[in-house]
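Me: I would like to go through this structure with you, beginning with burial and then turning to the cysteines. Please set out the terms as we proceed.
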Amino acid sequence: MKRLKKTPDDDDDDLASHPDSDTHTVLVDSGRKLGSNPMRLMGIIVVCLMVVSVLFSVSVVLSDLPSDSIWELSEKRVLEVEPRQGSEDSVSQSTEVPKDKLLGGLLSAGFDEGSCLSRYESVKYRKELSHKPSSYLISRLRRYEALHKQCGPYTESYNKTLEQLKSGHYTGPLECNYVVWVSFSGLGNRILSLASSFLYALLTNRVLLVDPGVDVADLLCEPFPEVSWFLPPDFPLKNQFNKFNQESRECYGKMLKKNITITTNSNRLTPPSVYLHLVHDYNDHDKLFFCDEDQTFLQKVPWLIVKTDNYFIPSLFLIPSFEQELSKLFPKKDTVFHLMGRYLFHPTNQVWGLITRYYESYLAKADERIGIQIRVFDTGTGPFQHVLDQILACTMKENLLPEINREQHIIIGPSGTHKSKAVLMTSLSSGYFEKIREMYWEYPTVTGEVVGIYQPSHEEYQQTEKQMHNRKAWTEMYLLSLTDVLVTSSWSTFGYVAQGLGGLKPWILYKPENRTAPNPPCRRAMSMEPCFHAPPFYDCKAKMGVDTGAIVPHVRHCEDMSWGLKLVDHLDEL
């Protein structure tokens, strides 16, 4: 651009601006003195040639500006010619409609995005929510967030309720009541039980406080704005959490078993805290938690300490006093964990890094992503041939994976036209991954599809208390939830979390018996909901045993566990 500026020795700008006038002047002068001086004529010709040369140079410079100069000119043009707001030009400039990072209002906007990248970035890796949250659920979540802000750790209301707990005496109702979730069991169980505890808190207008245990803060971001959900380390009962069991005097089931008189008419007999033992080994007295009469009493207790390894939400749908509220929250019954999970469980930045790096490296470019989650309950050293046979029988019978062509050694067809499938396998063992990978490496597929097999880790055995082990487990659950189709193992909470977060109805591998591959090898799930493995079978009104999987159409027995309960949408075709 400097070459275009006027200098004392260079009038290129004037020549470029007024070439016709300058040329005319030169020709007039030459006409007057043509015959008087041949040398002057030659000089005039030289000047004319110089003028033409300068004009040509200017045109070349203008047509071949450096790229940064072009960028500067384009920026100036954008500033000078700014489209009117609402004009068609302004609409056409936006070529991509941004995805709904708030998930239809499910998430709150009041967060520092950098503190938890996954909260709003996950929408880039997932399909949009197939089931939108109800307007009532959205309003209740906002109300809960306001309650949590008012009653969360170290607030004035929290401190008042804490004083009552420290005194050991119930002195009357206060502004805030609490559910304290105790970190217990494996990661899949913890995620499912935490979702259950939050929904119970929502139904009973309580504040959920979370015992961080050894690694919850390392795995999960804070889900509520401004005030933490983690239980303060100085909570008075924290040192007793590991000791709480069915025989503890604070245990609600123990109180009922000893026939301790508990009435709703006397404040003196209402304890400031109660321990709820809802672990898989709980007894009939503990299970009375799911009765309306007992909920009436528990509603008065300020502090409920909950230890559970169960997804107990299906039985909440069988409590009459919760029925109307649950119907308004979840018009489509089989979306409970999908919506609760997407609201609550956001991987921390460390885990999000593991997830996104692996996804971009191995899964992003595939035409289709298939997840296969393998959990083997057999004792002994694997891999087991019957499990491998079952996986292949299921995936090929359901046309999830193509068969191989053992008679042919190359793929027929032009390069770059073949559909690609990325298969994400998760297992404690690497044996199944290695055998399936070798199969698709050694032989082409009959369909011409290109199949890549990937497994992020193989830890060999479950290491519940190991931080990096749980980071990998959470990473793999989340990666499975990002696939297009999913195959899971019976009884596995690891698979339940993946299917629920992803909104996927998986193909469930039947549990093998006598080390023989079942026939059929798998079946499609009725819904994406997890299974409640240890539900009560009791009619609270009739005070007798009953099949709780046959009371209402939206609570049925699970596909993989005949005595378990799961939520389904009874309008869906099974």
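Reply: A residue is called buried under 20% relative accessible area, exposed over 50%, and partly exposed in between (1.4 Å probe, protein chains only). This is a predicted model, in which local features need pLDDT of at least 70, side-chain atom pairs count only at pLDDT 80 or more, and totals for chains, interfaces and linings use all residues. Residues are numbered from 1 along each chain as its sequence is written, and side-chain values use heavy atoms, with hydrogens and water left out.

Me: What percentage of the residues of the chain count as buried?
Reply: Of its 574 residues, 50% are buried.

Me: How many helices and strands are there?
Reply: The chain has 20 helices and 12 strands. These are DSSP runs (helices H or I, at least four residues; strands E, at least two), numbered from the N terminus.

Me: Why is helix H15 largely enclosed?
Reply: Helix H15 covers residues 336–344, and 9 of the 9 are buried, so the rest of the structure largely encloses it. Among them are Phe-337, Arg-342 and Tyr-343.

Me: What covers the buried residues of H15?
Reply: The cover includes helix H7 (135–151), helix H9 (187–203), helix H13 (313–316), helix H20 (493–502) and strand E12 (565–567). Contact here means heavy atoms within 4.5 Å.

Me: Turning to the cysteines, how many disulfides are there?
Reply: The count is 5, a disulfide being a pair of cysteine sulfur atoms within 2.5 Å. With the bonded cysteines numbered in sequence order, the pairing reads 1-4, 2-3, 5-9, 6-7, 8-10.

Me: Which residue does Cys-116 join?
Reply: Cys-116 is joined to Cys-221, with S to S at 2.1 Å. Cys-116 lies in the loop between helix H5 (88–93) and helix H6 (117–121), and Cys-221 in the loop between helix H10 (216–219) and helix H11 (252–257), so the pair ties together parts 105 residues apart in sequence. Cys-116 is buried at 2% relative accessible area, and Cys-221 is buried at 5%.

Me: And where do Cys-394 and Cys-522 lie?
Reply: Their disulfide has an S to S distance of 2.1 Å. It links distant parts of the chain, with Cys-394 in helix H17 (residues 385–397) and Cys-522 in strand E10 (residues 522–524), 128 residues apart. Both cysteines are buried.

Me: Why is the disulfide of Cys-531 and Cys-558 called right-handed or left-handed?
Reply: The torsion about its S-S bond is about 95 degrees, so the disulfide of Cys-531 and Cys-558 is right-handed.
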